[in-house]
Amino acid sequence: MASSRDRQRKLARAKLDRQLARRAAAARRRRQIQAGVGAVVVLALIVVGSAWALGAFDSDPKKNTAAEDVCLWTPQDATANTNLKDVGTPETTGLPTEGTRAMTVTTNQGAPITAQLDLASAPCAAASIAHLAGKSFYDNTKCHEITAEGALRCGDPSGTGLGGPAYSFYDENIPTAPSPSPSASPAPGQPPTYPKGTVAMIANPPGANGSQFLIFFKDFTTADPKYSVIGRVTGGLDVVEKIGALPTVDNGTGAKVKPKTDVLIQSLTVGAPATAATPSPSASGAPASSPSAG
């Protein structure tokens, strides 16, 4: 009798062991499945997160065009340089990069001087001048220098050469240096680096352009170009030449470059962008000069 009960207990124990083993195996399978699902979910989250960070789910993805983030305006300390004038900064996006903009400079020396600003080669200079013109920055300021290179220097309200807005921007369209001839002079037949009628920025210090610009009233060639070409005169070049012929006096630093007669910019305006335009000066060579553009 005892033997029969022992067998029953053994059979029951064996059955229980099998049940426990099956339950343990099932539990292991569940854990493996859960672990696999968890790994897949984590991987999916990583992929989705990376795609989101890269903008895959933007409802209106931005186009990578030249008109976005065209210019960088570097702040300048107007407290350290009291010749600077804070009038805000131009936009950095959506700036036109094709065609031209008409600039009109009205002085006390005769008919208005008109120029085309080149938006393709110097979009930041054009944007800056247009911004400043909209703030009347240039109005009632003097062209304080007739340079030795043969240009009229304007755009500094302080008249010191140190003035400008409370921001600066980099050079854009510096001409290439002419190829030297055996005599170390420019090779014959090469166009001037800055033909008469060229409009260019003048930076102080070099590479930090602000508001000051040059209008060349005669051809100028140099082995070390450093002025960004931004456009060309289209009318009133005879007025620029007349100003260039004015006698000069000491500007207070020992340089005899200040016009003896004040050259006052009464107003400076910039028109809307125009896509159909006559080609303007480029860094590889500006248009041939003419005796007079107006």
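**Exercise 1.** In this predicted model, determine which residues Ile243 is in contact with, leaving aside its neighbours within four places in sequence.

*Solution.* Leaving aside neighbours within four places in sequence, the contacts of Ile243 are Gln109, Ile146, Leu152 and Val263. Next, place the residue: Ile243 belongs to helix α3 (residues 237-244). Then take its accessibility. The cut-off for buried is under 20% relative accessible area; Ile243 has 0% relative accessibility, so it counts as buried. Finally, compare sequence and space: Ala151 is 92 residues from Ile243 in sequence, while their C-alpha atoms are 9.6 Å apart.

**Exercise 2.** Find the salt bridges of the whole structure and state where the partners of Lys142 and Glu241 lie.

*Solution.* The search gives three salt bridges.

- Step 1. Lys142 pairs with Asp262, with 3.2 Å between the closest N and O atoms. Lys142 is in strand β5 (residues 141-142) and Asp262 in the loop between β14 (256-259) and β15 (264-274), so this pair ties together parts 120 residues apart in sequence. Lys142 is partly exposed at 41% relative accessible area, and Asp262 is partly exposed at 35%.
- Step 2. Arg153 and Glu145 form a salt bridge at 3.4 Å, N to O. Both Arg153 and Glu145 are buried.
- Step 3. Glu241 pairs with Lys196, the closest N and O atoms being 3.1 Å apart. Glu241 lies in helix α3 and Lys196 in the loop between β9 (167-168) and β10 (198-201), so parts 45 residues apart in sequence are tied together. Glu241 is partly exposed, with a relative accessible area of 24%.

Note on methods:
Residues numbered from 1 in each chain as written. Predicted model: local features only at pLDDT ≥ 70, side-chain atom pairs only at ≥ 80, totals over all residues. Heavy atoms only, no water. Helix = DSSP H or I, 4+ residues; strand = E, 2+ residues; numbered from the N terminus. Buried < 20%, exposed > 50% of the residue type's maximum accessible area, 1.4 Å probe, protein only. Contact = heavy atoms within 4.5 Å. Salt bridge = Lys/Arg side-chain N within 4 Å of Asp/Glu carboxyl O.
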